Number of protein chains: 2
Amino acid sequence: MALAKKPIGVFDSGIGGRTVFREIRNLLPSEDLYYLGDTARVPYGTKSPEVIRRYAEINVRFLVGQGAKVVVVACNTASATALDHVRAVFPDVPIIGVVEPVVGYLSTRPEAENIGLIGTPTTIGSGVYQSALESLGRTIRAKACPLFVPFVEEGIVSHPLVDQVIDYYLAEFREVAIDTLVLGCTHYPLLRPALEAYFRNKVHIVDSAAPTAGALRDLLVRFGLSSDPSGKGEERFFVTDAAESFRRIGGRFLGRPLSAVEHI
Amino acid sequence: MALAKKPIGVFDSGIGGRTVFREIRNLLPSEDLYYLGDTARVPYGTKSPEVIRRYAEINVRFLVGQGAKVVVVACNTASATALDHVRAVFPDVPIIGVVEPVVGYLSTRPEAENIGLIGTPTTIGSGVYQSALESLGRTIRAKACPLFVPFVEEGIVSHPLVDQVIDYYLAEFREVAIDTLVLGCTHYPLLRPALEAYFRNKVHIVDSAAPTAGALRDLLVRFGLSSDPSGKGEERFFVTDAAESFRRIGGRFLGRPLSAVEHI
C-alpha cells in the first residue's frame, strides 16, 4: 500500500487528545485516522518524565505497528517530555507534538504579550512552553492545575464547583490581567466556556487543536504524504482499558457517539 | 531466615494505603513493614477490574520477591476486584484486603443500620461492600466520589472547595440521615475532618485502617507468623514512579517525613 494511503496515528493518555482528533478530522476529511487512548495508565500529567517517555514509546510503537504514516502526540505532557525520545526511537516516522504548533501560532500573534499558561504539573514543570515563549520576548506566567483533568474526566464542566476550582487556580491570572491564556492540556478545551466566563471574555484563549491540525496538514504536504483528497477517511479507536467508559466520556469530545472502540 | 522474621508487605495504587500502613505500624511495632506505592499507574479507582487484577498481581509478586510473609492489599479498589485473583496466583502467601475487615467490624456494630458507603467508581461498581452489608441486614446506599482521590492527592483537604465537592456528592446522604459512613477508599481518611463537619458530627465514620490492622494481627497469630515482640520493626518504601512527589505527599499520611523512598 502506498504510504500516502496509510492512516495518521494519534494518541493521548486518555480522552483529552480527542479535541485534537476532532480538529484533524475537520481539516483533513479524506485521511484515515487511528486514535489510541492509553486509558490503562491515565493520567500522565502527574507522573515523571521517565515514565511518560516509556508510555509514549509503547503508544508510538503500537500506532506504527498499525501502519501509521505519521504520529501526532495529542497530549501536552507527552509532547513536553517525550517528543525527542520517540523521534529518536522511530527516526523513520514523522512525529509531531502539540507544543511546537502552539508556540508557532503564538509567534504570529505579537499582541499576545502577557501570557498565562496552564497545564498539568509535569507539563508546567518541564518548562518547555515557558522557555519557548520567553525566547519570543513574551511575558509568561505558568500555573499547574492538576484538578482540571479529573473534573473533565468526570464530565463536570459547567457547574458552580468548576467556577470555584478555576478561581482556586487562576485568581492570580485575573489580578495581573493576562491578555492570552494558553490551554496547555488537551483536556482543557472542555472548560473553555467556564474559563471565558471567568475572564469575562477579555482574554484570548489558545488551545492545541487548531494549531496542531494545521501543522499536521503542512507536514503531510511537505513529505508528500497526503491521501487522495476525494476519499472519505475512516476512523478507528483503540484503548488500553475500559472501552465502555471511553465510549461514554469520549462522545462528549467528538460531539457524537462512537460506533466502536477496540480494546487492546 | 525464619518466616516470622520476614517483613509484612503492603501495597496501594499510590499513597492512600499509608493510612493503613500507619495503623499497622502502631499496632505491630516490632514487625518489619515494606510499602509499595504503584505511583506509575495511579489511580486504580477509575480503571477496569481486569486491569486492576493485572497490576495487583505485579505488586504482590514484587513484595513476595522481597520476602514478604504476608501481603496487605491496602487499597479498596484492588481489594474489591483483585483479592481472589492474587490469592489464587499466590496460594502459599496469606493475603488480606481491606473490605473483609471493614465488613467484619460492622457486623459487630448492629447500631449501624442506615449505612452510606463512598468509594471509587470501580469499588462501588463491584458491589462487594453492598452485597456483604445487605447480607447483614443493613440498609446501604453507595456513592462513587471520583474527585475525592484527586483532591487528596493534591493535598486539598481543608478548603471551602472541599466542602463544595463533599456537598456535590453527599447531599443525598445528609437528606436520608445515614447513621454510619464507610470510607471505602484508603485516601478518604484525610477528608475525615471535613466529612465530620459536613455531617455535623452526627455520623459514625468507619475507615479501613484500624479493622485491617486488627485483622492482620489476628492472621499473624493464627499462622504463627508474629515476629519477636521485643524487636523494633524496620520500614522500607518503594514506588514505581516519582519518588520525590511520594515523599512530599506521603509525609502527610504518616504524619512525619520519610527518610528514604526507593524507586523500582
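This tour covers the contact between chain A and chain B in a predicted model.

**Symmetry.** Begin by displaying chain A and chain B together. Chain A is superposed on chain B by a rotation of 180 degrees, with 0.0 Å of shift along the axis and an RMSD of 0.0 Å. The two copies are thus related as by a two-fold rotation axis. To locate this axis from the side of chain A, select A:Arg41, whose C-alpha is the nearest to it in that chain, at 2.7 Å.

**The contact surface.** Next, select the residues of each chain that touch the other chain: 24 residues from chain A and 24 residues from chain B. Of the interface residues of chain A, 100% are also interface residues in chain B, so the copies meet through the same surface. About 2000 Å² is buried between the chains, and carbon and sulfur atoms give 66% of this area. Now highlight A:Leu147, A:Leu161 and A:Tyr168; these residues supply 24% of the area that chain A buries against chain B, more than any other three residues.

**Polar features.** Turn to the pairs that span the interface. Residue pairs in polar contact number 8, with both residues at pLDDT 80 or more, whereas the count of salt bridges between chain A and chain B is 0.

**Helices.** Colour helix H2 (49-65), helix H7 (148-153) and helix H8 (160-175) of chain A, each of which supplies at least two residues of the side that touches chain B. H8(A) gives the most, with 5 residues. Finally, colour that side of chain A by residue class: 14 residues are nonpolar, 6 polar and 4 charged.

Conventions: Residues numbered from 1 in each chain as written. Chains lettered and ligands numbered in written order. Predicted model: local features only at pLDDT ≥ 70, side-chain atom pairs only at ≥ 80, totals over all residues. Heavy atoms only, no water. Least-squares fit on C-alpha atoms with pLDDT ≥ 70 in both. Contact = heavy atoms within 4.5 Å. Buried area = accessible area lost by both parts, 1.4 Å probe. Salt bridge = Lys/Arg side-chain N within 4 Å of Asp/Glu carboxyl O. Polar contact = N/O pair within 3.5 Å; in protein donor to acceptor, adjacent residues only side chain to side chain. Helix = DSSP H or I, 4+ residues; strand = E, 2+ residues; numbered from the N terminus. Nonpolar A, V, L, I, M, F, W, Y, C, P; charged D, E, K, R; others polar.
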